[in-house]
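Q: Could you take a close look at one part of this structure for me? I'd like to understand chain B, and how the place where chain B touches chain A fits with the rest.

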Amino acid sequence: MTFLPICSVVFALLGVGLCLVSPRRASAISATLLLGILLSSIYGIVMVDRFGPIEVVLGGWPKGVGISFLGDFFGFLLVGTAAALLLILVSFTEADLSDRLPMWLGLLAGFCGSVMTRDFFNLFVWFEVSLVSSFGLLRLELGAKGDTLRQYLTTQILASTAMLIGTGLFYASFGTLAMNPVTPPTSLGWTAVILLTLAMMVKSGIPPFHSWVIHSYRGLHKVSAIPLLVLSSKVGLIGLTRVYEFLPTVWPIALGTLAFYSSAILFQPISLRLRILILHTTGLAMLISTGSPFAWGLVHSLAVGALLLVISNRPRNSLDWIGLGIVASLPLTPGFASKIASISTLSQTLNWPLLAGLVSTSLATFAAVVLWASRKPKAASEPSPLAFALCLLTILLGVVSFSVLDMPPLMVPGGLR
Amino acid sequence: MMVLFTAAGIGLGFGSAVYLLLSTERRTWLIGLVLLTTVTNGILFLLNRPSQLAAPFSGAKDHADPLPQALILTAIVIGLAVLAVATLATRKEDQR
């Protein structure tokens, strides 16, 4: 059973090698191995539900020094979902993907490794695996469009450098690379955490570090944009959830607010922008004044609802739909704190109302993106009734699902934690 | 004094690397990439200290910490791979 957390990584890397050796059979090889990853993930979910998270420390090294993998419920769920998505793409796409499949599987290997690993240096290594694959994919897609590719490379390499230095300083401060050190951070430790946070924000393309995402994805084929969107930027988000565990609660709220406001500024007209900001600020005020788990869920839902209004109201031509899809799929809100809490809860146990809430919210956002993308270019300035319905549904589902969480209290004597 | 020199060297290296990375010429950009990787490895090298863990066979405790060295070695390999991919990925620009 201990092989399960490593299984997905091995399958994906094996797929890269086999597809490169035998490009003619790349589709069949990929489909088989993706099915293997999907089945192993389902088996992993069953095992975690029965026996708890599965931990593997390679080579018999002490904990926090060697390479360690941890397969929890959420990790297996993410890996299984990613494999299923790629399997659907490989099975139903008519385009010739034989040269892109090794890159897709490389992205998947980086994604699986990032989800399963539990130390920062291996997180860096898997990030780089994902990065090299995304370089290759972008090169195949964009050809010799030098500026776009070079900008992407420069941004990503600078973020990787910040991450590597942050990892080194983390080890120097805590004496371990494990993601859950017991000692409180020193000033050196804080520097490490800040560097890691910045690197993850750049890699996940969270506003105000999002400009490279829209720039890079423009001109990309839709089929290739999906794995890049799902696997590459989400890897950064996974890293961010790991780093956030070291930060006081107020940090994710502050960073989320910065991200949300900086993204809201992008949108026109001003009346819409104001509507979003009022909706969001109301939720934020409620969160700060009450500090209850219910308010956490409400803020998250309000913010996602606001985002749906943005998407449904936006003219089609002004921004590439892929770019907006990326922005829409990112946790722009202070409700990201509640999302992290929900992820850690889901890591431990299968919480059906919570899972249903997360999935429903994501599907509602996705539906709004599709709705927006299918609208005529000269759209009315007011959101459609369907968008309003989606917005209300998201708020309702979000509040119901997040209110069942046993989240830590936000307010402690003396102010925010 | 040594600390001052090291800090100045790293600062200079980083500044130069970022300056070179902003260049539009491919060759200069690649040199910037190499410099950035090297300076980062230099920082990791400074993290070395006596290990708190017992050596695997002798049990001795007063040996150098192997982990930063492992980090640097891995970072060098990854940096080389990224450099190779970046070189190939941007190759056609100069050929046109």
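A: Here is a walk through chain B, its contact with chain A, and then the inside of chain A.

Keep in mind from the start that this is a predicted model. Let's begin with the basic make-up of chain B. Chain B has four helices and zero strands, and from the N terminus on its elements simply run α-α-α-α. Of the 96 residues in chain B, 21% are buried. If you take the contacts in chain B between residues at least 6 apart in sequence, 42% of them join residues at least 24 apart.

Start with helix H1 of chain B, residues 2-21. This helix has 20 residues, and the distance from its first C-alpha to its last is 28 Å, close to the 28 Å expected at 1.5 Å a residue. Is H1(B) largely in the open or largely covered? The number of buried residues in H1(B) is two out of 20, so this helix lies largely in the open.

Now move along to helix H2 of chain B, where two residues make a nice pair to look at. Gly32(B) lies in this helix, and so does Arg26(B). Gly32(B) counts as buried because 20 other C-beta atoms lie within 10 Å, and 20 or more is the cut-off for that label. Arg26(B) has 17 other C-beta atoms within 10 Å, so it is partly exposed.

Which residues does Gly32(B) touch, leaving aside its neighbours within four places in sequence? They are Ala17(B), Leu20(B), Leu21(B) and Ser23(B). Distances are worth a look too. Gly32(B) and Leu88(B) sit 56 residues apart in sequence, and their C-alpha atoms are 16 Å apart in space. For Arg26(B) and Ile10(B), 16 residues apart along the chain, the C-alpha atoms are separated by 24 Å.

Next comes the contact between the two chains. Chain B puts in 24 residues and chain A puts in 23 residues. On the chain B side, the elements giving two or more residues are helix H2 (26-45), helix H3 (66-89) and helix H4 (91-95). H3(B) provides the largest share of that side, with 10 residues. Sorted by class, the side of chain B that touches chain A has 17 nonpolar, four polar and three charged residues.

So much for chain B; now for its partner. Chain A comes to 16 helices and four strands, and 53% of its 417 residues are buried. Among contacts in chain A between residues at least 6 apart in sequence, 77% join residues at least 24 apart.

A good pair of helices to look at in chain A is H1 (residues 4-21) and H2 (residues 26-51). They pack at an angle of about 180 degrees, with their axes 9 Å apart. H1(A) and H2(A) are therefore roughly antiparallel to each other. The residues of H1(A) that meet H2(A) include Leu4(A), Phe11(A), Ala12(A) and Leu18(A), and those they meet in H2(A) include Ile29(A), Leu33(A), Ile37(A) and Met47(A). By class, this contact of H1(A) with H2(A) has 13 nonpolar, seven polar and no charged residues.

Ala12(A) turns up again in the largest nonpolar core. That core has 106 residues, and the members that touch the most other members are Ala12(A), Ala82(A), Leu108(A) and Cys112(A). Helix H6 of chain A (residues 146-174) gives the most to this core, with 14 residues. As a general rule, nonpolar side chains tend to be buried together in soluble globular proteins. Leaving aside its neighbours within four places in sequence, Ala82(A) is in contact with Leu108(A), Phe111(A), Val230(A) and Leu231(A).

Finally, have a look at helix H4 of chain A, residues 101-116. At 1.5 Å a residue, its 16 residues should span 22 Å, and its end C-alpha atoms are 22 Å apart, which agrees. How many of the 16 residues of H4(A) are buried? The count is 16 of 16, so to speak a helix that is mostly covered. Set that beside H1(B), where the number buried is two of 20 residues.

Terms used: Residues numbered from 1 in each chain as written. Chains lettered and ligands numbered in written order. Predicted model: local features only at pLDDT ≥ 70, side-chain atom pairs only at ≥ 80, totals over all residues. Contact = placed C-beta atoms within 7 Å. Nonpolar A, V, L, I, M, F, W, Y, C, P; charged D, E, K, R; others polar. Axes fitted to C-alpha atoms, helices over the stretch in contact; angles between N-to-C directions. Parallel < 35°, antiparallel > 145°, perpendicular 65-115°, else oblique. Core = buried A, V, L, I, M, F, W, Y, C linked by C-beta atoms within 7 Å. Buried ≥ 20, exposed ≤ 12 C-beta atoms within 10 Å, placed from the backbone. Expected span 1.5 Å × (residues − 1).
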